Amino acid sequence: MNIPYVTIAATGAKMPAIGVGTFGSDHVSSFDMAQSVKLALKLGYRNIDCARVYGNEKEIGEVLKASAIPREELWITSKLWNDMHGKKNVGLSVRATLKDLQLDYLDLFLVHWPFPNYHPPKCDVTSRNPNARPYIHEEYMETWHAMEELVGQGLVRHIGTSNMTKAKLGLLLDSCTIRPVANEMELHPCFQQPELLGYVKKEGIIPIGFSPLGSPNRPERDTTETDVVDMEHPVVVAIAKAHNCHPASICLKWAHAVGIVPIPQSTKERNLRSNLQSILSDPLTEEEVTMLKKADCNNRLIKGQVFLWEEAKDWTELWDEDGIIRAPEHYRN
Ligand SMILES: NC(=O)c1ccc[n+]([C@@H]2O[C@H](COP(=O)([O-])OP(=O)(O)OC[C@H]3O[C@@H](n4cnc5c(N)ncnc54)[C@H](OP(=O)(O)O)[C@@H]3O)[C@@H](O)[C@H]2O)c1
């Protein structure tokens, strides 16, 4: 199967243009998620989006070990969880991930969130870590430089970011030695983030789109009454009718058309198959991509309430919506 690739300018490496997610949204067991990865590999997926905090790298590692697919044909991403920021922890964390995944190297290692604010798995929306802090650039750079060292050590081929804003990315690009090759960010028709997406692309950074279907089974802590359902949006549904396909496919065709690498998650063979197929055939027309701009209603789903620090007003402070990073002086060491 010929899955399209995006090429990383700095190294010439090729990232498959669609991946499969492995976050079980607090209800898919590690075993079932590993079975989904097994199925995904059988169907032709070669890009797997893992993370330490998803708690299933060991089970996925067993699947990777048992697979006959040559390592160089796979693209494996994992992420540094928030409780492992800092110079000493980054190497420990990647080694634990490599051990569990039974790999010698990762293709991509991301800083999962730009602050060290830990939340326990399966927590609810009111959960607050008393040590939570805002983004402190000097602290992030300490973590980033440790990420850079992993590249030199051959433990990871590329490094990248996740859940960054334009303001934070700008600071990172000004201070880094090794640039992020990708930024994993929430992207779906009802949350297109045009400004950040445009910036990321202009900087030659690959946008990896998480929750590309609008994460219909996301944890309750990430669900708000006013959230819009992408797969029920009238524009998405109308275009799905025209293509005689499920609205999920339109979300993925949209991502592919605008240069995003989507990483949809599914436990069902039928959905895994059709998600992959969505980007391989019957693309959207330019007119349809334009029509889909109307679906964008800035509906962020993964708002990050559980990462708020004591003085933060609400979750919008995590996202620097006015371009300003709020980090009160007393949080600096
Ligand atoms: N970097 C980050 O901070 C971050 C945050 C969130 C997510 N992620 C990554 O992004 C991945 C995807 O995001 P997500 O899991 O939140 O949401 P998503 O991929 O938008 O949605 C997944 C849900 O959609 C359903 N689904 C999949 N294909 C479908 C289809 N063709 N038709 C109808 N329903 C379908 C799945 O249920 P079935 O099992 O029933 O198919 C699953 O519950 C995650 O797994 C994770 O790897 C990263």
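**Figure 1. Close-up of S36 in helix α1 of a predicted model.** S36 sits in helix α1, which spans residues 30-43. The model shown here and in the other views is predicted. S36 is buried, and its relative accessible area is 3%. Buried here stands for a relative accessible area under 20%. Beyond residues up to four places away in sequence, S36 touches S266, T267 and L272. Two of these contacts, S266 and T267, return in the ligand view.

**Figure 2. The surroundings of the ligand.** Which residues come nearest to the ligand? Of the 31 residues around the ligand, they are D49, N217, S266, T267 and K268. Several polar atoms can be picked out. The side chain of N163 has an N or O atom 2.8 Å from an oxygen atom of the ligand. Q265 takes part through its backbone: an N or O atom there lies 3.0 Å from a ligand oxygen atom. K268 places a polar side-chain atom 2.4 Å from an oxygen atom of the ligand.

**Figure 3. The open sheet of eight strands.** The strands follow the order β3-β4-β5-β6-β7-β8-β9-β10, and the pairing is parallel. The edges are held by β3 (20-21) and β10 (261-262). Each has a single partner strand, so one side of each is left without a neighbour in the sheet. One pairing inside the sheet is that of β4 (residues 47-49) with β5 (residues 75-80). These two strands run parallel and are joined by three bridges. I48 finds its bridge partner in β5, at I76.

**Figure 4. L108 in strand β6.** L108 belongs to strand β6, residues 108-111. Is L108 buried or exposed? L108 counts as buried, with 0% relative accessibility. The contacts of L108 leave aside neighbours within four places in sequence. Among them are W75, I76, T77 and S78. The list also includes M15, H158, I159 and G160. V181, A182 and I208 are in contact with L108 too. G170 gives a sense of distance: its C-alpha atom is separated by 20 Å from that of L108, and the two residues are 62 apart along the chain.

**Figure 5. Strand β8, enclosed.** Strand β8 covers residues 182-186. Five of its five residues are buried, so the strand is largely enclosed by the rest of the structure. In a regular strand the side chains alternate between the two faces of the sheet. In β8, A182, E184 and E186 point one way. N183 and M185 point the other way, and all are buried.

**Figure 6. The partners of β8.** β8 pairs with β7 (residues 159-162) in the parallel sense, over two bridges. T161 has N183 of β8 as its bridge partner. β8 also runs parallel to β9 (residues 206-210), and five bridges join the two. Here N183 appears again: its bridge partner in β9 is P207. Helices link these strands into units. β7, helix α5 (residues 166-175) and β8 make a right-handed β-α-β unit. β8, helix α6 (residues 194-202) and β9 make a right-handed unit of this kind as well.

**Figure 7. The two sides of helix α6.** Which residues of α6 are buried? They are L196, L197, Y199 and V200. Seen down the helix axis, the buried residues fall within an arc of 165 degrees, so they line one face of α6. These buried residues pack against α5, β8 and β9. The face turned away from the buried side carries P194, E195 and K202, which are exposed. Just after α6 comes G204, with a positive phi of about 75 degrees.

**Figure 8. Two residues with positive phi, S215 and N298.** Most residues other than glycine have a negative phi. S215 has a positive phi, near 40 degrees. S215 is found in the loop between β9 and α7 (234-243). What is the phi of N298? Phi of N298 is near 55 degrees, again a positive value in a residue other than glycine. N298 lies in the segment after α10 (286-292). The surroundings of each residue can be read from its accessibility. S215 is buried, at a relative accessible area of 15%. N298 is exposed, at a relative accessible area of 56%.

Terms used:
Residues numbered from 1 in each chain as written. Predicted model: local features only at pLDDT ≥ 70, side-chain atom pairs only at ≥ 80, totals over all residues. Heavy atoms only, no water. Buried < 20%, exposed > 50% of the residue type's maximum accessible area, 1.4 Å probe, protein only. Helix = DSSP H or I, 4+ residues; strand = E, 2+ residues; numbered from the N terminus. Pairing = 2+ DSSP bridges. Right-handed = clockwise from strand over helix to strand, strands pointing away. Arc of directions from axis to C-beta. Contact = heavy atoms within 4.5 Å. Near = heavy atom within 4 Å. Polar contact = N/O pair within 3.5 Å; in protein donor to acceptor, adjacent residues only side chain to side chain.
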